[in-house]
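Trainee: Got a minute to go through a structure with me? I'd like to talk about rings and helices.
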Amino acid sequence: MFSIFWSFFKIGAVTFGGGWAMVPVIRKELVDCRKWVEDSEFVDMLAIAQSSPGPIAINTAVISGFKIRGVRGALVATLGSSLPSFLAILLVATFFLRFKESRAVEAVFKGMRPAIFGLLVAAVWQIGTGSVKDKVDITFLAIAAALLLLLKISPIVVVLIAGAGGLITGRLRRMGRLKSADGQQDGAQNKVDY
Amino acid sequence: MGLRTKSITDGWIANMYIKLLVSFMKIGAFSFGGGYAMIPLISREIVETRGWLSMPEFIDVIAISQGTPGPIAINAATYVGYKVGGVAGSALATAGVVFPSFIILIILGMLFLRFREVGFVKDMFSGIRPTVVALIAAAAFSVASTSVTGVVPAIVSGAVIIGILKFRLDPVLLLIASGVMGFFLYG
């Protein structure tokens with residue numbers, strides 16, 4: 001039990017930048033070092049972790065812990081993987097909230113803010129080229145962008161609509177009705193297309 | 001009078017803790033795609049709805065998240081929780097953001113380890129995956145107005161985009177460089 005906690009504590013402590021950065025580290029620890037899960041199982045677990053809401057790293061920890069030692073394993077893995085970031089931010093927050101007004105700290109963060117914008121734009125490009133592959137994907141992207149940016153609809157609602165749309169297009173695809181078809185796959189959504 | 005004031009304050013504190021817990025459970029339960037894709041939901045809840053952070057302050061939390069271990073959602077939860085309700089608040093907010101993952105993944109784990117194939121989850125995510133791109137674009141959009149405020153910030157943004165896409169530089173390195181630049185330019 002303690003070895004599960006310790007493994008995930010280490011994973012949580014060494015992975016900076018969150019999410020995707022954690023995945024290779026988790027794989028190395030669970031598959032290569034501890035041999036708790038097999039490689040093919042890990043791929044499946046990752047797919048589940050990515051498709052579920054919440055931080056991907058935490059999702060991966062929960063499902064890995066569950067696979068290794070049931071609900072208790074999941075609890076220990078979750079605690080282990082979230083504790084390092086909790087402690088680190090607590091430390092940073094006490095410092096930052098005290099020195100935020102200082103000119104030097106304010107200057108450093110003022111310099112970093114446009115870099116965050118750059119990171120996000122780069123992520124749009126990187127993730128977009130990987131996950132937008134056909135006309136159906138483009139339609140989903142366009143509808144979601146319109147709902148979020150033009151109509152200011154809550155991200156929660158947009159994701160729920162996208163999930164429902166995915167269920168419909170998935171079924172249509174299996175029935176052979178949808179190959180490279182674009183707009184007509186979802187009656188509820190195409191009214192708000194660009 | 002003293003007693004009455006105390007009970008009001010207690011009520012306010014309890015209320016604030018509940019708000020922290022509920023807000024972060026909502027973020028944990030509905031943010032798909034992880035990482036940057038969670039930003040629009042977190043900023044809507046924390047900046048727009050609750051007013052716990054200002055937009056520049058939220059961008060600073062994203063910057064801090066890049067340089068500290070762990071997912072952005074957990075970092076935001078811990079930071080906001082601490083700012084609003086001290087150590088107890090940060091523990092509560094962090095527990096709140098993790099809790100939905102915990103329940104959902106255990107349920108999926110039970111189903112998945114038994115049946116091996118979760119077709120409907122795959123279908124759902126085929127719709128959500130392209131949406132994640134729109135979510136990150138929306139995050140970039142909301143960050144732009146408060147962070148790209150002139151010629152120098154625009155140059156920094158452009159340099160970061162080129163640095164990542166063309167030269168495959170480490171984002172943390174680029175953040176540190178822009179922070180150092182800010183120190184000398186604005187300090």
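Mentor: Sure, let's take the aromatic rings and then a helix pair, keeping in mind that this is a predicted model.

Trainee: How many aromatic pairs are there over all chains?

Mentor: The count comes to seven. One of them is F5(A) with F9(A), 5.9 Å centre to centre and with 25° between the planes.

Trainee: Stacked or edge-to-face, that F5(A) and F9(A) pair?

Mentor: Stacked, because planes under 30 degrees apart count that way.

Trainee: Where do F5(A) and F9(A) sit along the helix?

Mentor: Both are in α1 of chain A, residues 2–14, and they're four residues apart, so about one helical turn separates them.

Trainee: Is F5(A) buried or exposed? And what about F9(A)?

Mentor: F5(A) is partly exposed at 22% relative accessible area, and F9(A) is partly exposed too, at 21%. The cut-off for buried is under 20%.

Trainee: Which residues form the aromatic cluster with them?

Mentor: F2(A) and W6(A) join F5(A) and F9(A) in one cluster.

Trainee: Switching topic: which ring does the charged end of K110(A) sit over?

Mentor: The ring of Y186(B), 4.3 Å from its centre. K166(B) also has its charged end over a ring, that of F167(B), at 5.9 Å from the centre.

Trainee: OK, helices. At what angle do α3(A) and α4(A) pack?

Mentor: About 130°, with the axes 9 Å apart; α3(A) covers residues 39–51 and α4(A) residues 56–99. That angle makes α3(A) oblique to α4(A).

Trainee: Which residues make the contact?

Mentor: Among them are F42(A), M45(A) and L46(A) from α3(A), and I56(A), N59(A) and I63(A) from α4(A).

Trainee: Left-handed or right-handed crossing?

Mentor: Right-handed, as α3(A) passes α4(A).

Note on methods
Residues numbered from 1 in each chain as written. Chains lettered and ligands numbered in written order. Predicted model: local features only at pLDDT ≥ 70, side-chain atom pairs only at ≥ 80, totals over all residues. Heavy atoms only, no water. Phe/Tyr/Trp six-rings, centres within 6.5 Å; stacked < 30°, edge-to-face > 60°. Helix = DSSP H or I, 4+ residues; strand = E, 2+ residues; numbered from the N terminus. Buried < 20%, exposed > 50% of the residue type's maximum accessible area, 1.4 Å probe, protein only. Lys NZ or Arg CZ within 6 Å of the ring centre and 35° of its normal. Axes fitted to C-alpha atoms, helices over the stretch in contact; angles between N-to-C directions. Parallel < 35°, antiparallel > 145°, perpendicular 65-115°, else oblique. Left-handed = near helix turned anticlockwise from the far one by under 90°. Contact = heavy atoms within 4.5 Å.
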